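Dear colleague,

I am handing over the structure below, and I would be glad if you could look through it alongside the notes that come after it.

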Amino acid sequence: MRVLMISKACIVGIYQPKLEAIARGGVDLTVLAPPSWRDERGVQRLERAHTAGYQLREIPIRFNGNFHLHHYPTLGREIRALQPQIAHIDEEPYNLATWQALYHARRRGAKSLFFSWQNISRAYPPPFSWGEGWALRKADYALAGTAGAADVLRQKGYRGRLATIPQFGTSPDLFKPAVDRPERPFTIGFVGRLVPEKGLHILLRAAAKLDGDWRLRLVGGGGGRAEFRALARALGIGEQIDFLGQLPSTDLPAEYHRLDALVLPSLTRANWKEQFGRVLVEAMASGVPVIGSDSGAIPGVVGDAGLIVPEGDADALAQALRDLRDQSRLRAELIEKGRARFLAHYTHERIAAATVAVYQKLIS
């Protein structure tokens with residue numbers, strides 16, 4: 001079957017093994033991705049890290065960095081030339097890029113599906129509400145990243161076929177436990193956007209409550225960096241924190257091997273709650289115990305393979321960190337459970353197989 005995927009997310013190299021796995025499932029796959037994507041972390045350029053068995057092609061983008069309005073001026077020409085049986089639109093139904101791809105796919109007789117992480121039922125103003133309603137009526141299939149996102153699609157009136165599949169998996173060969181642990185202080189990690197809703201101020205306050213020798217490594221970009229640096233200095237822990245900035249995705253496996261705990265202390269906002277937290281999966285795959293807040297999808301992703309604390313509770317987070325540092329049996333148990341949970345649910349192969357099954361249903 002011929003499948004065309006339109007995806008700005010696929011510029012990230014560590015996401016691309018899923019595309020290779022889809023191609024191995026008997027799919028003639030072409031992926032169109034922009035040369036770069038801008039957000040609050042900076043500019044992420046297209047990485048060609050895993051490209052066997054399918055075509056990964058650049059496509060010009062307009063309004064780069066605008067989540068709702070970005071689109072691809074040559075997309076209609078690409079769809080006309082490729083004549084796909086299926087257009088996999090790796091975007092939310094309320095975005096212009098989705099409407100554009102769905103319009104051209106329907107003109108060429110291709111089946112279509114979109115993807116959604118949105119786990120809060122938000123009412124958008126026109127024209128986004130109009131476009132979202134049209135996409136929900138006209139798409140042939142929907143993929144939801146979590147059960148919460150699937151519920152929102154149904155609440156908004158989507159009545160078509162739907163599958164709950166995370167957007168990307170993680171590679172068990174790239175992300176795997178370290179062979180040994182060199183001597184080092186207890187090292188805590190955060191990987192993600194340096195923005196308030198990720199709860200970094202809670203993590204800093206929790207770390208300040210720890211005694212003994214410890215380090216905190218913060219990986220990511222975002223507008224809150226200066227604010228978090230100032231808070232660390234005010235708490236008297238500035239010398240124990242490394243702000244590493246945004247790393248290439250292919251550097252992340254080695255980064256997890258420097259950690260003894262990965263923390264995702266996300267905070268629910270009126271217009272956002274944690275939609276998945278794939279860094280939790282990467283850490284579990286890498287043999288790193290995880291601690292997450294109870295925001296959004298985090299408890300469902302972690303299951304019993306990590307520690308969950310109430311969001312916004314620095315005291316509870318500090319105690320969870322002490323427990324991981326001081327209890328070797330707990331650490332070993334969570335390392336084993338985390339790797340097992342990852343292999344059971346979150347590999348690229350499992351997610352690719354579920355995606356190919358959707359394709360087969362579309363054309364059967």
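What follows concerns one helix packing and several salt bridges.

Please keep in mind that this is a predicted model. Helix α6 (residues 200-208) packs against helix α11 (residues 314-326) at an angle of about 60°, their axes lying 8 Å apart, and the two helices are therefore oblique to each other. Their crossing is right-handed, and the contact is made by I202, L203, R205 and A206 on the α6 side and by A314, L317 and A318 on the α11 side. Sorted by class, this contact of α6 with α11 comprises six nonpolar residues, no polar ones and one charged one.

Turning to the charged side chains, a search of the whole structure finds 18 salt bridges. In one of them E78 pairs with R57, with 2.6 Å between the closest N and O atoms; since E78 belongs to helix α2 (residues 75-82) and R57 to strand β5 (residues 55-58), the pair ties together parts that are 21 residues apart in sequence. E78 is buried, at 13% relative accessible area, whereas R57, at 27%, is partly exposed.

A further salt bridge joins K209 and D315, whose closest N and O atoms are 3.1 Å apart, and this pair links distant parts of the chain, K209 being in the loop between α6 and β11 and D315 in helix α11, 106 residues apart. K209 counts as partly exposed, with 41% relative accessibility.

D326 and R325 also form a salt bridge, at 2.8 Å from N to O; D326 is exposed at 52% relative accessibility, while R325 is partly exposed at 21%. Finally, salt bridges with shared partners connect R215, R217, D242, E255 and R258 in one network.

Best regards

How values were computed. Residues are numbered from 1 along each chain as its sequence is written. This is a predicted model: local features need pLDDT of at least 70, side-chain atom pairs count only at pLDDT 80 or more; totals for chains, interfaces and linings use all residues. Side-chain values use heavy atoms; hydrogens and water are left out. Axes are lines fitted to C-alpha atoms, for helices over the stretch in contact, and angles run from 0 to 180 degrees between N-to-C directions. Helices (H or I, at least four residues) and strands (E, at least two) are DSSP runs, numbered from the N terminus. Angles under 35 degrees count as roughly parallel, over 145 as roughly antiparallel, 65 to 115 as roughly perpendicular and the rest as oblique. A crossing is left-handed if the near helix is turned anticlockwise from the far one by less than a right angle, and right-handed if clockwise. Contact means heavy atoms within 4.5 Å. Ala, Val, Leu, Ile, Met, Phe, Trp, Tyr, Cys and Pro count as nonpolar, Asp, Glu, Lys and Arg as charged, and the others, Gly among them, as polar. A salt bridge is a side-chain nitrogen of Lys or Arg within 4 Å of a carboxyl oxygen of Asp or Glu. Buried means under 20% relative accessible area, exposed over 50%, partly exposed in between (1.4 Å probe, protein chains only).
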